[in-house]
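Student: I have a model open and would like to understand how its parts fit together. Could we go through it step by step?

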Amino acid sequence: MTEFKPPNSPDPGSHGSLTAPAALMHGSSVQPPDHPVPLHIPHRSRDVAAADWRGFPAPIPDRWAQVAASKGFRIDRRIRDRYHVALTCHSCGGQTASKVYTLMTAEPRCGACAERRIRDLAKAAGVAFLARDPEDHVYGWFRAPCGHDLRRQFELIERAAAGACGLRCETCHAAREAEEAEAQGWRLIGPDPSGDRNYRIYRHGCGQEQRIARANMQTGRLDCGGCGESWASKPSCIYLAQIDLPDSGLRVLKLGYSSNPEHRFRYQLGLPRATKVELLRLLPMPTGHAACAEERRANARLAKRYPDAVIPVDAYVGEINVVSEIYCPTLLPVLHKVLDGIEARMNRSGRKPSADPGSDAPDGGEDDEDDPDEGFGGGPASLSGNGTLPP
Ligand SMILES: [Zn+2]
Ligand SMILES: [Zn+2]
Ligand SMILES: [Zn+2]
């Protein structure tokens, strides 16, 4: 449903976040037809069929063996044709195919050592190495912790491993941006035509398309030029929903906000048809801005205090179009307390939806992190030791 990649995500042509082709799941080695040890193949020869790397019956000249030894290898056997040998690496024991010419005139590389280095770098960068890209040897496929596969340059993985940059999953990021817009009753359409990375084009529920700063979409501070609906006056809702997912059989809780929760569940979350959704509680909020601020604060605190009750995204990927704020049912009493706290705060500040909708200052003090929050008083112990996921 997200046809648009956020402009500050990497160029999709070079950084696709798709699923790595299953046929590639073997790194850079092939299984020769007549030898038990996998053979690493230099990238220029990777289109040669595995069957062609069979032994070539001919003696190994002494001179070749001496040169190989001086370069850290032993010639295990001749392979493919009279121009190739299989080299065994002195340091790791792995085998790599090499042209005799390369062996004699240059420094052959051990494919096994190179691949181990990539695996180690990927691990340090927080991803798992899956495969080299067959189209372009400077690219590889990596599995991100969210479960999506990323195509990235090895050089970028190296920088990420060194902590010089991060590796963002653009699939998750695009889903998050689409979700932000939908919670405000808008739909993300595309990048800013004038190329400003902070802006996007969105379509309102009334049909109006408009250029809006993403930051304002996140906080709900935006006016629709089509229907005149303004962020300062538009009421919203924080909802607590129980969702029974038909495919995984999971029952989950979602705490979110929306100006129209029923519509959101019916049309926007991409739930399978057989999904049962029960809105357990609806808390009217004076504005989309207030709803957004309260919901964000609550979810951030919940994730911090009850990490075991946050259901990992790969448990429901493909079933709900969200990437966070999905909890295990044992958290229900805590979630009710959190909502009680928000409700009490709204009543105290006289900001009930009907009271004074215009009083929601753009940067109102409701983000005060030191404010004691009723719903969080108990800490993990109030979960009665049951805050873990069902198997
Ligand atoms: Zn090696
Ligand atoms: Zn992802
Ligand atoms: Zn509108």
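Tutor: Gladly! Keep in mind that this is a predicted model. Let's start with one helix: in α5, which residues are buried?

Student: Most of α5 is covered, with 10 of its 14 residues buried. The buried set is E170, T171, A174, A175, E177, A178, E179, A181, E182 and A183.

Tutor: Nicely done. How far apart are the end C-alpha atoms of helix α5, and why does that agree with what it should span?

Student: Helix α5 covers residues 170–183, which is 14 residues. At 1.5 Å a residue the helix should span 20 Å, so the model agrees with that expectation: the end C-alpha atoms are 20 Å apart.

Tutor: Now the loop between α4 (154–161) and α5, where L167 lies. Why does L167 count as buried?

Student: A residue is buried if 20 or more other C-beta atoms lie within 10 Å of its own. L167 therefore qualifies, as its count of C-beta neighbours inside 10 Å is 20.

Tutor: Which residues is L167 in contact with, leaving aside its neighbours within four places in sequence?

Student: One of them is A144, which is 23 residues away in sequence and 8.4 Å away in space, C-alpha to C-alpha. With those sequence neighbours left aside, the contacts of L167 are A125, G126, V127, A144, L150, R152 and A160.

Tutor: Let's turn to the open sheet. In what order do its five strands come?

Student: The pairing in this sheet is mixed. Its edge strands are β1 (29–30) and β3 (73–79), each pairing on one side only. β1 runs antiparallel to β2 (residues 39–40), joined by two bridges, and S29 stands opposite H40. The order is β1-β2-β5-β4-β3.

Tutor: At what angle to β3 does helix α1 run?

Student: Helix α1 is made of residues 62–70 and lies across β3 and β4 (84–89). Relative to β3, its direction is about 135°.

Tutor: Last one: in the largest nonpolar core, which residues touch the most other members?

Student: This core has 36 residues. Elements giving two or more residues to it include β12 (236–244), β13 (251–258) and α8 (288–305). Apart from it lies another core, of 17 residues, with L121 and W141 among them. In the largest core, the residues touching the most other members are I238, V252, Y257, Y327, L331 and L335.

Definitions and conventions. Residues numbered from 1 in each chain as written. Chains lettered and ligands numbered in written order. Predicted model: local features only at pLDDT ≥ 70, side-chain atom pairs only at ≥ 80, totals over all residues. Helix = DSSP H or I, 4+ residues; strand = E, 2+ residues; numbered from the N terminus. Expected span 1.5 Å × (residues − 1). Buried ≥ 20, exposed ≤ 12 C-beta atoms within 10 Å, placed from the backbone. Pairing = 2+ DSSP bridges. Contact = placed C-beta atoms within 7 Å. Axes fitted to C-alpha atoms, helices over the stretch in contact; angles between N-to-C directions. Core = buried A, V, L, I, M, F, W, Y, C linked by C-beta atoms within 7 Å.
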